[in-house]
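User: Could you walk me through how to read a few features of a protein model? I would like the general idea first, and then the case at hand.

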Amino acid sequence: MVENATLGGASALSIDAANRSLVRTAAVSGAGAGTAAVAGSVTTNLIHSDTQASLSDSSLHNTLADVKVSARDERSIDSLAGGAAVGGSVGVGAAVAYNDIGGTTSAVVAGSALDLDVRNLLVQADASGQAGGQGNRIRTVAAGLGGGGAVGGAASVAVNRMKGAVSARIEAGANVLAQDNVGVLAAQAQQIDVYAGSIGGGVNAGIGLGTVVNLVDGSTEAAITGAGTAVTALGLGDALAGVDSGRRTAGNTHSTRTDAAGMAFDTVDLGTGHIDVHGIAVNAATRQQVRTIGVSGALGTTPIASGAVAVMAAVNDIAGSTTAIIKDARINQHGLGTSSDPDQDSAGLAAAEQSVDVRASHHVASANYVAGIAASAGVFSGAGALSTNLFDSHASASIEGATVSAADAVAVEANASQNALAIVVGAAAGLTGGAATGVVNNFTTDTRASVLGGTLRAGSLAVNANSDNAASLVGGAGAVGGGAAVAGTALVNMGTATTLAQVGERGRVTHISVSRDLDVNAHSRSDFNGVAVSGAGAGAAGIAGMAQVHLLQNDTRALVTQASVDATDMAVVAEDILRLSAYSGAVGVGIAGSGVGAGASVAILGSTVKATVEDSTLSTTGSVDVNAVSDRAVDMVTVTAGVGATTGIGGAAGLLLAGIGDRGDSDTELGGTFASLKQLGTGQKIDAAALDGTLGAQGAGALNSRAQVDIGSLQGRGDLVSASIRGGTVQARALEVSAQTLMSSSNTVGGIGAGGVGVGGAFGMTGLYGSTEAVLAANSTRAGSIAVLANAGDGSAGKAAGLDVYAGGAGLVGVGAAIGLARLEQTVTATVAGDLQAGSQGEGLAVRASDASTLDVTATGMAAGALAAGAVVATAARNANVQAWLQNDSTLAGFGNVTFAASSLGGAHAGAWGAAGGVLAGVSAAVALADDGSDVRAWLGERTRVSGVGGGIEVHAEATPQVSAEAFGAALAGGLAAWRSVRRSLMPPPVPKWTPM
């Protein structure tokens, strides 16, 4: 720490505070006895430290001097806890590992009397290992082993806590002038690796219990703040090298179909690239990674009179915030301009490469491998495994209320990613076997990049917010029983991502003047893969069930509000990309009795994607582009089967819902399953008793409260894609406002039952509801060419709604019923308003709205037996409301051509195929309904004025969807045979075209 020092012309100054803390412990116990043996071990490790480096109210004047203020931390714990016991009657082994790391790391340059005139200034706070070391790390092993002639029990508990705060700051009126560069860098890395296991075996009973809890929280901040704080970096010499780019060098994996196979323990690379900065870098970076392997096993060996129970639960709660900010400060404003302009920025002496880079990045990953395995030759074996991931991360990069200048580029960028892998397995075998697995994943991320208030002058300005979330979630349960077996898997996945890139805010004007481009980009991507499978086989009854739900809701916005902008070109872009795959399967086999396989998959999607310019003054010499894009692809497969000597039942349901609209019979078909998933989400994830002595009852209660994930109801979520300019004025050579919605979905559902009575039933629904709008409604628009475009349609992966439903039943009595329903209700609008003039540049004005979405539904049902009955219904209903118009009281002048066009293309197809074959009787019915009720309109509003048009004026509305329905029903029987097929297709009436000349 240096305070109130006059350092004159010192050639260099280095203030370095460094801490390295390392704890390594091992606690191992063992016991053996002729009757009862008990062994237990506990290891508790704590590291808490504070490291600070500071320079305050001091002065140094030497333009060849390098000044460095650095604080570095490295904190590590390696621990082992093991307990093993073997007894002639009872053997119990237990192990508990508790590890806790916390502290602060700060580097500060501050004070109204702080005056530096140097070559370089580096203010660095590092707890990541970037400046040497490994950051913050916990590695722990907890293992319990118990064996007994009667009872063997084992338990393992691993609890890890990590909390850190890292900050690098220039503040409180500091005055800094650097000939080359100023770096304010803060970085933090937090990592936990856990191996936990418990195995209990006994002649009469085996018990294995395990619990893993990982709690991570970190804040990282890099800042230049204060109304009296002035920082200038001329960028004359070498660049500041090795600044964290915040962008991952490797893809955000764990979201492909092959991830579940061959996935190594250490696969996620959170490494980022590096950039060189000439000038000022304000950079904050956080990396958090948790990896867990947890296995519990139990064995009972005595026939009939033994049992086994194994349970393993793991919870990761990872939170944190990363902030890079310039607030209220004066940046590159030291009055070093030319003699004719001495009070302006430093442009007169600055290098042409002088830049300001404000960047925040927050990347998180977890990998959970959790298993519970139990086997006994006795009456019961039960196994359970549960994995819970809770992510809550925030990344923010901003310039607020500051005066900023740069000869070259200003970049404000926030990058965030979240990545989860969970492979959870439960397996049980006994005379009665029961296995259950649960997977809960909840992503919450907030990523923001902004320039709010103040004045900024530069060569260019880029404001970018990028969010990338991915998860592969795999749950599997299997049970085998001599008499009965039950297996169940449930998976709950929720994702909420807010991604915001913003220039300006209401209540104050933000002034932006750049000689080249202004780019405001918000980009969000989500890749999710869910697999839920279960199987049960038994001599009497085998029952298998599975269910999974994905509730995904993103808010992606690129926003310019109340800003005054001078630029060559300007782009405001919001893009949301979703890739979701959900695969579910359940098979139940009862060799001499009943086999039941049942399950459901649910995906509920909702998003807001907005590119907006509001109440702003845009003055450009080139182009202005305002674009919003939503691109989603969903692949769902839900298959069940039940086989039994007496009864075989296979029932499956699949629901894909995007937006708010009719759900058909989903509430009836899925109500019970959804309630069970809701119970998993909101239920207790950890037994408080297992955390006694570590987190305690209060900590366990708080953790269970945070782990409550409420999936709500089957009600849909709002879905909007919007690109708009509202209020203010626009001047450009070319202007485009476009909104695009792309959707591809495949939903496959199948249920098969075979037995004395074989029943197969399947219900599938896809509902797509939403709005796509492109609006140009500035008070005044001056542009040579204007395009306002709104489009909705099929994505690159296929039709907007592809739905295939299959059902089959075979036995002495065979019943098969399949119902498929797809609905689309999409509003697509393109509109302009206000005073629009092309001037002497007059080219074209085009306002176009179109929907080309396609629905394709196929339902197939088969039944065979002495008595056989099959019923099939397929429905495809499409209603697109497409509009293109000029709003009332608007004026168009000077354009070469004027076009307002609305069109509905795409189509709806329904196919129903049913067949029944019975020795005594066969009955089959097939119904296919396809309907297109689209409403397409294009018009000029009341009291509108169109003048000076060099070419033609076209107002055009067109509806040409392809609609078809096919139905086939057949029945074959030695006695009574009856079948019926119905098909109906409805199309909208032709829309008249109007082309005034």
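Analyst: Happy to help; we will go through cavities, a helix, two buried residues and two backbone angles. Please keep in mind that this is a predicted model.

User: Let's begin with empty space inside the protein. How many cavities of 30 Å³ or more does the structure hold?

Analyst: The general idea is that rolling a probe the size of a water molecule over the atoms shows where empty space is left. Here, three cavities reach 30 Å³ or more. The largest cavity has about 130 Å³ of space. It is lined by 15 residues, and those closest to its centre are Arg 632, Thr 741, Met 743, Leu 768 and Gln 826.

User: Which element gives the most to the lining of the largest cavity?

Analyst: That is strand E31, with six residues. The elements that give two or more residues to this lining are strands E29 (623–658), E31 (729–777), E32 (780–794) and E33 (801–832). By class, the lining of the largest cavity divides into eight nonpolar, five polar and two charged residues.

User: And what lines the second largest cavity?

Analyst: There are 16 lining residues, with Ser 526, Leu 552, Gln 553, Asn 554 and Leu 578 nearest the centre. The space in this second largest cavity is about 110 Å³. Strand E21 gives the most to its lining, with four residues. Its lining has six nonpolar, eight polar and two charged residues.

User: Now a helix, please. Which residues of helix H2 are buried?

Analyst: A good habit is to ask where the buried residues sit around the axis. In H2 (residues 696–706), the buried ones are Gly 696, Ala 700, Leu 703 and Asn 704. They cover an arc of only 105° around the axis, so they lie on the same side of H2. Ala 697 and Gln 698, on the other side of H2, are exposed. The buried residues of H2 pack against strand E11 (205–225) and strand E15 (279–327).

User: How do I read a single residue, such as His 362: is it buried or exposed?

Analyst: Look at the accessible area, then at the contacts. His 362 has a relative accessible area of 0%, so it counts as buried. This histidine lies in strand E17 (residues 355–400). Beyond its neighbours within four places in sequence, His 362 has contacts including Thr 286, Gln 288, Ser 321, His 394 and Asn 415. Take Gln 288: it is 74 residues from His 362 in sequence, yet their C-alpha atoms are 8.1 Å apart in space.

User: Could I try the same reading on Ser 722? What is it in contact with?

Analyst: Leaving aside neighbours within four places in sequence, Ser 722 is in contact with Val 609, Lys 610, Ala 611, Ala 628, Ala 739 and Glu 773. Ser 722 belongs to strand E30 (residues 720–726). Its relative accessible area is 1%, and because buried means under 20%, Ser 722 is buried.

User: Last topic: backbone angles. What is phi of Asn 4 near?

Analyst: In general, most residues other than glycine have a negative phi. Asn 4 is not a glycine, and its phi is positive, near 55°. Asn 4 lies in the loop between strand E1 (2–3) and strand E2 (12–33), and is exposed, with a relative accessible area of 56%. Gln 562 also is not a glycine and has a positive phi, about 45°.

User: Where is Gln 562 found?

Analyst: Gln 562 is in the loop between E24 and strand E25 (563–567). With 22% relative accessibility, Gln 562 counts as partly exposed.

Definitions and conventions. Residues numbered from 1 in each chain as written. Predicted model: local features only at pLDDT ≥ 70, side-chain atom pairs only at ≥ 80, totals over all residues. Heavy atoms only, no water. Buried < 20%, exposed > 50% of the residue type's maximum accessible area, 1.4 Å probe, protein only. Contact = heavy atoms within 4.5 Å. 1 Å grid on protein atoms, 1.4 Å probe; cavity = no way out; pocket = protein on both sides within 12 Å on 5 of 7 lines; lining within 4 Å. Points joined across faces, edges and corners; volume = space filled by probe spheres on them. Nonpolar A, V, L, I, M, F, W, Y, C, P; charged D, E, K, R; others polar. Arc of directions from axis to C-beta.
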